[in-house]
Amino acid sequence: SRDDFLFGIPSERFENALAYERGKWGRFNEVRFNFGVMNVLRQNRAPAGMDFIPPPDAYFLMNVSVSGKVPFNNQTQLGIQLTVENLLDKSYRDYLNRFRYYADDVGRNFIVRLFYSF
């Protein structure tokens, strides 16, 4: 009835990725390289006067990862994935993060994942 925007709606987000898969590389099987980008626009449809500060600016992040599997025998294998999120260590604040009022979001993030298939 007020013909106004809703509070707390996420802004537009575009994600794209390129992947290269290689069957075998050395001792690793199912090797995969990923390069992804994420572009988040500024939330311009926030209701006026409902928040403590204006919505944060738009931001652009780059992510990379490499993964592969090492076979132990016919039945088991160990999967390894190395990921770097926010590769360029961009300083940004996400509209839906309540910490944005006083702190930036996470910077460069290194992730190591291990998967054991049996």
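Here is a short walk through this predicted model, starting with its sheet and moving on to its salt bridges and a patch on its surface.

Let's begin with the strands. The model has an open sheet of 5 strands, arranged in the order β1-β2-β3-β4-β5 with antiparallel pairing. At the edges sit β1, which covers residues 13–25, and β5, and each of these pairs on one side only. If you look from strand to strand, neighbours in this sheet are turned by 15° against each other on average, with direction ignored.

Now follow the chain from the β1 edge. Strand β1 joins with strand β2, residues 28–40, in the antiparallel sense over 12 bridges. To find your place in this pairing, look for E15, which stands opposite M38 in β2. The two strands form a hairpin with 2 residues between them, and G26 in the turn has a positive phi of about 65°. Is β1 covered up or in the open? Of its 13 residues, the number buried is 0, so β1 lies largely in the open.

Further along, strand β3 (residues 59–71) and strand β4 (residues 77–85) also pair in the antiparallel sense, here over 8 bridges. A good place to look is V66, whose bridge partner in β4 is L82.

With the strands in place, we can turn to the charged side chains. The structure holds 6 salt bridges, and three that are worth visiting are described here. One of them is between R32 and E21, with the closest N and O atoms 2.3 Å apart. Because R32 lies in strand β2 and E21 in strand β1, this pair ties together parts that are 11 residues apart in sequence. R32 is partly exposed, with a relative accessible area of 30%, while E21 counts as exposed at 56%. The cut-off for exposed is over 50% relative accessible area, which is why E21 gets that label.

Another salt bridge starts from β1 as well. The side chains of R13 and D94 meet at 3.3 Å, N to O. This pair links distant parts of the chain, since R13 belongs to strand β1 and D94 to the loop between β4 and β5, 81 residues apart. How accessible is each partner, R13 and D94? R13 counts as partly exposed, at 42% relative accessibility. D94, in contrast, is buried, with a relative accessible area of 15%; buried means under 20%, so D94 falls within that class.

The loop between β4 and β5 has a salt bridge of its own. Here the side chains of R93 and D104 meet at 2.7 Å, N to O. Both residues lie in the loop between β4 and β5, 11 residues apart. R93 counts as partly exposed at 27% relative accessibility, and D104 is likewise partly exposed, at 41%.

Our last stop takes us to the β5 edge and a nonpolar part of the surface. Which residues make the nonpolar surface patch? They are F72, Y116 and F118, and the patch has an area of about 430 Å². Among them, Y116 is found in strand β5, which spans residues 109–117. Y116 is partly exposed, with a relative accessible area of 48%. Patches are made of residues with over 30% relative accessible area, so at 48% Y116 meets that condition.

Terms used. Residues are numbered from 1 along each chain as its sequence is written. This is a predicted model: local features need pLDDT of at least 70, side-chain atom pairs count only at pLDDT 80 or more; totals for chains, interfaces and linings use all residues. Side-chain values use heavy atoms; hydrogens and water are left out. Patches are made of residues with over 30% relative accessible area and no salt bridge: like charges are joined within 9 Å, nonpolar side chains (Val, Leu, Ile, Met, Phe, Trp, Tyr) within 5 Å. Accessible areas come from the Shrake-Rupley method with a 1.4 Å probe; for residues, only the protein chains shown count as cover. A salt bridge is a side-chain nitrogen of Lys or Arg within 4 Å of a carboxyl oxygen of Asp or Glu. Helices (H or I, at least four residues) and strands (E, at least two) are DSSP runs, numbered from the N terminus. Buried means under 20% relative accessible area, exposed over 50%, partly exposed in between (1.4 Å probe, protein chains only). Two strands pair if DSSP finds at least two bridges between them. Axes are lines fitted to C-alpha atoms, for helices over the stretch in contact, and angles run from 0 to 180 degrees between N-to-C directions.
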